[in-house]
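Welcome, and thanks for opening the viewer. Please load the model, switch to a cartoon view and keep the selection tool handy for the stops below.

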Amino acid sequence: MGNRVKGRQKKKSIKAAVHSGMATHRKLSRMGKNRKKDHAGLDATFIGRARVLKKLQISLKDFRRLCILKGVYPREPRGRAPRNKKGQVFYHIKDVKALAHEPLLEKFREFKTFMKKVRRSANRNEKDEARRKQLMAPKYTLHHLVRERYPRFADALGDLDDALCLVNLFACLPSDGRIQANITRKAQVLAASWGAYCATTGSIVKSFISVKGVYVEADIMTSGQSVPVRWVTPHNFTQHVPEGVDFRVMLTFFEFYETLLGFVLYKLYGELGVRYPLPTVATTDSNGSDGSSNIISSATLHPTLGGKASSLLAANLSALQMALNEASKGNSAADAVKDAVGKEEKSAEATNQEDKKVTKANKKKQKKLMQSIDEALEGVKEDDDSDVSDNDDDMDQDDEEQAPIAAPLREALEAIDDNTDQNDEGIIQIITDPEAQKRHQLFHNLTFFLSREVPRGYLELIILSYGGRVGWEGQDSPVAMNDSTITHHVIDRPKILPSYAKLPKSREYVQPQWILDCANFNFVLPITKYAVGSELPPHLSPWVDDKEEGYVPKYKEEVERLRNGEMLDDVSDDEQRIETEANDGKNESSSESEKQEPPAKVLQKDSEVQEEDGREEEGSESSEEEEDDEKAERKVLNKKRTEDEEAAHLAKALMSKKAARLYGRMQHGIAQKQAKVDNLHKKRREIDSSREKSKDGKTQLKQKVERLKKERQDKESAYSETGGSMKKKRRKR
């Protein structure tokens with residue numbers, strides 16, 4: 001029996017059970033093998049943060065920086081958590097492998113060893129050695145990460161919202177603590193460069209002022225498609241930095257977004273034919289020692305750039321326009337064609353002088369070429385035949401036709417060159433999108449002057465984007481305050497200053513909201529509601545779809561009527577009160593005149609009154625007929641409504657349980673939406689009714705208050721007759 005010992009119990013076999021009916025190999029092939037630990041399933045797919053740090057051999061601070069720069073974020077596993085550890089942070093295994101092969105990881109390790117050497121020198125009190133080593137710190141770039149995360153330019157533009165919001169936020173923060181002055185300076189330069197591009201190309205589409213800041217949206221054209229980019233510009237107030245914000249994380253994001261914006265602006269400025277970044281210091285003239293050209297003068301630059309401009313946006317706009325002017329000189333297609341035509345003319349004259357005898361075949365070819373050129377330049381006036389000298393009688397007729405051809409061609413090319421998109425100030429417009437060109441005509445030939453208290457950043461951006469000129473109170477302003485060409489003076493004060501009385505009377509004084517509302521509606525609105533000191537109309541958001549919401553605000557309806565050419569009945573309450581008083585006076589005077597009239601006229605008036613009574617009786621009969629018709633129509637509508645409700649109830653009864661639940665949820669959502677719309681209409685009716693005034697000039701709200709006061713007084717008097725008092729007694733101290 002082998003090794004079996006008598007009296008001991010037989011061990012159970014590790015093989016398949018006897019009753020299973022299958023052998024060990026057969027069972028293994030059917031049921032599968034026992035999986036090893038951490039080789040498959042959720043435990044192998046998702047790894048905790050502690051295991052990732054151990055695997056990569058880096059600190060938590062460097063791991064956070066690496067994840068932000070690489071674009072790796074924690075993932076939440078579907079179903080159960082790995083190892084039943086709920087609430088833990090997990091990362092995907094593929095993301096961890098990508099981080100392990102990142103070149104920045106090696107740079108972080110080099111920097112860690114470098115800091116050890118610097119600290120050792122500092123601890124040994126070797127300050128000179130520590131300063132020398134500080135200059136040898138390892139450096140890295142994030143260019144490969146931008147190309148890796150955004151393979152297409154449209155992808156980078158689509159992810160530019162967060163970058164612009166963060167850059168504009170850092171541009172407004174004070175330099176304190178971890179936020180150093182150079183960080184704020186970089187943010188301001190990037191924001192100004194982006195604003196200069198949007199203003200020059202007319203890309204601003206929508207804008208809205210809120211409590212958080214000013215929301216702005218721009219449409220950027222790239223490869224034939226428009227990409228919307230939206231960002232928030234904080235209000236220009238003193239910012240109080242909260243203590244609970246981890247600025248190390250925000251600075252890491254800013255480090256990546258700075259590189260991303262640099263790539264995007266380089267691409268966008270390159271499409272304009274301008275090199276980015278723009279020059280930041282004034283160079284000497286071409287006659288100077290270094291031989292460089294003076295592209296930007298110091299007057300157009302911000303003081304931090306060595307100039308005299310009062311804002312970075314104005315400095316970048318001036319620099320961009322001057323760079324466009326420089327790029328447009330000698331680089332146009334018309335210049336190239338003119339040079340080619342001039343060379344051909346010179347070569348033709350040289351060949352004619354050398355050899356005047358041309359074969360008949362060549363003459364025919366030249367004649368056909370000249371005819372094709374004449375057909376292309378049909379609209380161009382030809383030179384007078386007086387330019388042709390009388391001494392050329394010996395030449396053939398074909399040669400005589402050759403002389404006036406080059407002059408019209410040159411004139412046409414010069415006309416093309418002169419008709420380039422330049423306005424009176426020499427500012428080159430490079431707007432090619434038809435929609436942007438329409439927007440750019442909104443403030444065309446309008447000049448705005450911003451008062452001292454008006455925020456200049458976003459208003460200057462919107463005005464320039466819609467084709468207007470802008471000036472401000474400052475030495476670098478392109479428009480003086482007393483300039484007669486100013487059409488709109490923007491003021492944010494309750495009253496106009498007395499000193500403004502000396503200014504020209506041709507300008508209009510408006511509040512800043514007028515500019516944004518005109519830009520959002522793409523229509524120059526009347527300034528009566530935006531006058532200085534008047535109550536402003538509602539500032540409507542351009543991102544709300546009124547058709548989807550089911551409610552159109554009253555002011556938007558008024559603007560649409562104005563755009564359609566309709567006249568609004570804007571009669572003020574004072575005018576209405578004056579009219580009612582005038583009508584009352586007429587009635588009183590008519591009654592007094594009736595008393596003084598002779599009896600013959602009185603009898604004539606009585607007959608007229610009787611005729612009017614007969615007409616009123618006929619009108620009452622016709623009104624009764626109309627009421628009967630309305631009742632009949634109402635009955636038909638009620639009957640149809642009940643039939644529709646019964647049909648819907650029957651259809652719902654035939655639905656399955658799942659479909660009925662889905663239908664019920666849909667109807668519940670529709671009912672909630674309709675309830676909101678009804679509430680808005682109710683509020684609107686209450687506001688309109690409260691603004692209506694009676695003959696005494698009192699609003700309904702004031703009448704209600706007076707009525708409630710009178711009712712309380714009546715109650716108090718009735719209660720006082722019983723011997724009590726409703727007035728509260730003051731406690732003696």
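**Stop one: a helix pair**

Select residues 103-123, which form helix H6, and residues 127-134, which form helix H7: their axes come within 8 Å and cross at roughly 160°. Angles over 145 degrees count as roughly antiparallel, and so H6 is roughly antiparallel to H7. As you turn the view, note that H6 passes H7 in a left-handed crossing.

Now show the side chains where the two helices touch. On H6, pick Phe114, Lys117, Val118, Ser121 and Ala122; on H7, pick Glu129, Ala130, Lys133 and Gln134. Colour them by class and you will find four nonpolar, two polar and three charged residues in the contact of H6 with H7. Keep in mind while you look that this is a predicted model.

**Stop two: another pair, another angle**

Next, select helix H3 (residues 49-56) together with helix H4 (residues 60-70). How do H3 and H4 lie relative to each other? Their axes come within 11 Å and cross at roughly 95°. Angles from 65 to 115 degrees count as roughly perpendicular, and therefore H3 and H4 are roughly perpendicular to each other.

To see what joins them, display Arg49, Val52, Leu53 and Leu56 of H3, then add Leu60, Phe63 and Arg64 of H4. By class, this contact of H3 with H4 holds five nonpolar and two charged residues, with no polar ones.

**Stop three: one residue in a helix**

Move along to helix H11, residues 181-201, and click on Thr184, which is found there. Is Thr184 buried or exposed? Its relative accessible area is 6%; buried means under 20%, so Thr184 is buried.

What is Thr184 in contact with, leaving aside its neighbours within four places in sequence? Add Phe170, Ala171, Leu173, Ser175 and Ile179 to your selection, and you have those partners of Thr184 on screen.

**Last stop: the whole chain**

Finally, clear the selection and zoom out. The chain has 733 residues, of which buried residues make up 28%. Colour by secondary structure to pick out 26 helices and nine strands.

Switch on a surface if your viewer offers one: the chain exposes about 51,500 Å², and carbon and sulfur atoms supply 50% of that. You can also consider how the chain meets itself: among contacts with a separation of 6 or more, 59% are between residues 24 or more positions apart.

Notes
Residues are numbered from 1 along each chain as its sequence is written. This is a predicted model: local features need pLDDT of at least 70, side-chain atom pairs count only at pLDDT 80 or more; totals for chains, interfaces and linings use all residues. Side-chain values use heavy atoms; hydrogens and water are left out. Helices (H or I, at least four residues) and strands (E, at least two) are DSSP runs, numbered from the N terminus. Buried means under 20% relative accessible area, exposed over 50%, partly exposed in between (1.4 Å probe, protein chains only). Contact means heavy atoms within 4.5 Å. Accessible areas come from the Shrake-Rupley method with a 1.4 Å probe; for residues, only the protein chains shown count as cover. Axes are lines fitted to C-alpha atoms, for helices over the stretch in contact, and angles run from 0 to 180 degrees between N-to-C directions. Angles under 35 degrees count as roughly parallel, over 145 as roughly antiparallel, 65 to 115 as roughly perpendicular and the rest as oblique. A crossing is left-handed if the near helix is turned anticlockwise from the far one by less than a right angle, and right-handed if clockwise. Ala, Val, Leu, Ile, Met, Phe, Trp, Tyr, Cys and Pro count as nonpolar, Asp, Glu, Lys and Arg as charged, and the others, Gly among them, as polar.
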